[in-house]
Amino acid sequence: MMHLFAFAFAFVLVARADIAMLRGQYQEGRYDLGRDAVYTAWLLGLLWVSGVALIGLGIGFDVAAITANGKVFSKVTVVTILTINGFFLHLYAFPVFADKQEKASSVRLLICTILGAVSSVSWFCASAFGAARVVAPWLGYQHFMLFYGICLATGLVVAILFVRPVLRRQLERRSSVLPSAGFVAGAVAE
């Protein structure tokens, strides 16, 4: 149950954060990006702990058993990608959106967009793999990862073509309309 509750809270928080980012609500000060990032990191840590416990209860900690189970191994792979991507989001992308004075180059905005797409797709696929109990016996690791690859490619195209222009407009508007948000940038640094 802990894994399910942690997932539900994390998924809602990430979805709300993505929407807030697109609407410029972090830049407007309606939400605190630093606080949401910390909560998400804690929930992801809780998901790791409860997920490892579920693996241990289900198939044990034998590496061969884990890699032989396509569903479990693909979920571990995607959650590992999600976790690594999260570090880059915290270090590279969030400061761009938290500091109203910082200008984002086209390359930096593209990297932020890619990181956001990887995050959204990875959260979606991790949840889909977790719910794939019915089809898991017929699918192997390569099938799950093919699904992830297709979703990731689609997510990247959507993010680059549609999300990046929205983020560009949000970043261009914020410095001329809103006061400095050093307090938010300080929260991200903590």
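## A salt bridge to start with

Let's begin with one pair of charged side chains: Arg-30 and Glu-28 form a salt bridge, and their closest N and O atoms sit 2.6 Å apart. Keep in mind that you're looking at a predicted model. How exposed are the two partners? Arg-30 counts as exposed, at 55% relative accessibility. Glu-28 is partly exposed, with a relative accessible area of 38%.

## Asp-36 and its two arginines

How many salt bridges does the structure have? The count comes to three. The other pairs share a residue, Asp-36: Arg-16 meets Asp-36 with an N to O distance of 2.5 Å, and Arg-35 meets Asp-36 at 3.2 Å, again N to O. Put together, Arg-16, Arg-35 and Asp-36 are linked in a network of salt bridges.

Now for where the Arg-16 and Asp-36 pair sits in the chain. Arg-16 belongs to helix α1 (residues 2-23) and Asp-36 to helix α2 (residues 33-58), so this pair ties together parts that are 20 residues apart in sequence.

Is Asp-36 buried or exposed? Asp-36 is buried, with a relative accessible area of just 3%. Its arginine partners are another story: Arg-16 is partly exposed at 28%, and Arg-35 is partly exposed too, at 34% relative accessibility.

## The annotated transmembrane regions

Next, a look at what the record says. An unreviewed UniProt entry carries the annotation "transmembrane region" for residues 41-64, 76-95, 107-132 and 144-163.

What does the model show for residues 41-64? That span is 83% helix and 0% strand, and its end C-alpha atoms lie 29 Å apart. Residues 144-163 can be described in the same way: here the chain is 100% helix and 0% strand, with 26 Å between the end C-alpha atoms.

## Cysteines without a bond

On to the cysteines. A disulfide is a covalent bond between the sulfur atoms of two cysteines. How many disulfides does this structure hold? The number is zero.

Cys-125 is a handy case to check. The nearest cysteine sulfur belongs to Cys-151 and is 4.0 Å away, and Cys-125 is in no disulfide. For a disulfide, the two sulfur atoms would have to be within 2.5 Å.

And how accessible are the cysteines? Cys-125 counts as buried, at 0% relative accessibility. Cys-112 counts as buried as well, at 6%.

Definitions and conventions: Residues are numbered from 1 along each chain as its sequence is written. This is a predicted model: local features need pLDDT of at least 70, side-chain atom pairs count only at pLDDT 80 or more; totals for chains, interfaces and linings use all residues. Side-chain values use heavy atoms; hydrogens and water are left out. UniProt positions are given in the numbering used here, feature names are shortened, and annotations may be inferred rather than shown by experiment. Helices (H or I, at least four residues) and strands (E, at least two) are DSSP runs, numbered from the N terminus. A salt bridge is a side-chain nitrogen of Lys or Arg within 4 Å of a carboxyl oxygen of Asp or Glu. Buried means under 20% relative accessible area, exposed over 50%, partly exposed in between (1.4 Å probe, protein chains only).
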